[in-house]
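Biologist: I've got this one open on my screen and would like a quick tour. Can you walk me through it?

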Amino acid sequence: MEKNEIKPANGKLGILTPGIGAVSTTFMAGVIASQKGLGSPIGSISMMGRIRLGKRTENKKPLVKDFVPLASLDNLVFGGWDIRPANAYKAAKKAGVLDLKLLKKIKTELKQIKPMKAVFDSKYVKNLKGDYIKKEESKFDYAKALMADIKSFKEENSCDRLVMVWCGSTEVYIQESEVHQSIEKFEEGLKNNDPSISPSMIYTYAAIKSGVPYVNGAPNLSCDIPAIVELAKQENVPIAGKDFKTGQTLMKTILAPGFKTRLLGIDGWFSTNILGNRDGEVLDDAASFKTKEVSKLSVLDSIFETDEYPELYKDLYHKVRINYYPPKGDDKESWDNIDIFGWLGYKMQVKVNFLCKDSILAAPVVLDLALFIDLAQRAGMKGIQEWLSFYLKSPQTKDGLEPIHDVFKQKIKMENTLRHIMGEELITHLGLDYYEEEE
Ligand SMILES: NC(=O)c1ccc[n+]([C@@H]2O[C@H](COP(=O)([O-])OP(=O)(O)OC[C@H]3O[C@@H](n4cnc5c(N)ncnc54)[C@H](O)[C@@H]3O)[C@@H](O)[C@H]2O)c1
């Protein structure tokens, strides 16, 4: 196979996160701690994963980072925006995910990460207040102000390349409308302050216009509109979204493919969560929760192929609840009650009680997405990067193309894409050739 032309990962890679909150500071602190030998980037495929090459008999399983040219952790620089001026040390302390003992050891580095003033409007995130916010006339001016931030960050930090990963709060539910349909209409809407253009879309536009790859870690539309997809292709910029796959949905996309593979039927799947961080507070607002709910609900129908297997899944009752409960902090607790049935319709139940740390699960996802979308750009890939759906709860795909939610299929897709980029043979798992050779 022919290898993609890949530009080397020379120089510094700047990772910009709109939102310097629990997820982004846990990610940044984790990378800095790993650089200093204070911890391991556990959960990161780009840092710790191996990839099989060739036949099983060849025993070739290099580390992913030795196989594909990725930016090294030593060459990462962090920046971002928030509606509050707290630096990453203060924000991490407030988030309360990581031990103060660890944070103090990397205080100098974290204190240097200071947010730039945000593009924010409380109409789109109701339960948040902040005053570290840009003031401009039109949404188009906001986009220009963000582009100026991006340019000066790149120059001041001597970065070779940048990527942007949305780690900001979940915005209220917005459906795709006319203004999202083409670049022209979207730009017109920016100039006319169209209410269907949310702050996250303005960041997206600014990133892509600046040639910066964009990943959306929240469930709001952001880069998932035709105008931005078109713009990304036009500007040769890769994009991916949406909503980091962590916590309960990660468990769901691990368990559901197992039930489906053995053709066990499901009557109902009730999922409830309690969490007490700021994300939980934002999701306590019905309009932001709606965005999250749509993202979380989409998963099961696709894994179970409800239309193709009506006898097993047509009556599946799927309910997702999130409740804000301050004592839990970032330590989310979720319960799943799954009513399944087997041979002759006999009923069984599976109960899952997951005591998870959301940001601990999200941090390696941010790292991998940042490094892989940078690789995609250096390999000349543009537009939607479906192969990164492994990390995302509600994968963005081409219009009309059904997303894949099964985490194991997503992993195979991602590995084959890396092999494809490097000109290696793809692995189909057929394996008949091992036996044919014996005859
Ligand atoms: N933690 C997870 O496992 C997980 C999983 C999937 C998705 N997410 C999503 O990731 C996002 C971040 O989660 P978190 O736990 O870090 O939340 P958080 O509340 O701790 O951090 C979000 C930060 O974004 C800032 N913000 C909001 N709007 C902004 C804007 N327009 N510009 C700049 N900053 C803005 C807030 O002030 C806050 O500091 C949320 O949207 C969440 O739903 C998180």
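Modeller: Sure, and keep in mind that this is a predicted model. The protein is split into domain 1 (12–244 + 360–421) and domain 2 (248–357).

Biologist: How far apart do the C-alpha centres of domain 1 and domain 2 lie?

Modeller: The two domains do touch: the contact takes 28 residues from domain 1 and 29 residues from domain 2. On the domain 1 side, helix 15 and helix 16 (407–421) each supply at least two residues. As for the C-alpha centres, their separation is 25 Å.

Biologist: Now the ligand. Which element gives the largest share of the shell around it?

Modeller: The ligand is surrounded by 35 residues, and the closest are Gly19, Gly21, Val23, Ala218 and Arg278. Elements giving two or more residues to that shell are helix 1 (22–35), strand 2 (76–82), helix 12 (278–283) and helix 15 (358–378). Domain 1 and domain 2 each put in at least three residues. The largest share, four residues, comes from helix 15.

Biologist: How many residues of the shell around the ligand are charged?

Modeller: Let's go by class. The shell has 18 nonpolar residues and eleven polar ones, and the charged ones number six.

Biologist: And Lys36: is it buried or exposed?

Modeller: Lys36 sits in the loop between helix 1 and helix 2 (45–48). Its C-alpha atom is 8.7 Å from that of Ile106, 70 residues away along the chain. A residue with 12 or fewer other C-beta atoms within 10 Å counts as exposed. Lys36 has 11, so it is exposed.

Terms used: Residues numbered from 1 in each chain as written. Predicted model: local features only at pLDDT ≥ 70, side-chain atom pairs only at ≥ 80, totals over all residues. Near = placed C-beta within 6 Å. Nonpolar A, V, L, I, M, F, W, Y, C, P; charged D, E, K, R; others polar. Domains from an automatic or database assignment. Buried ≥ 20, exposed ≤ 12 C-beta atoms within 10 Å, placed from the backbone. Contact = placed C-beta atoms within 7 Å.
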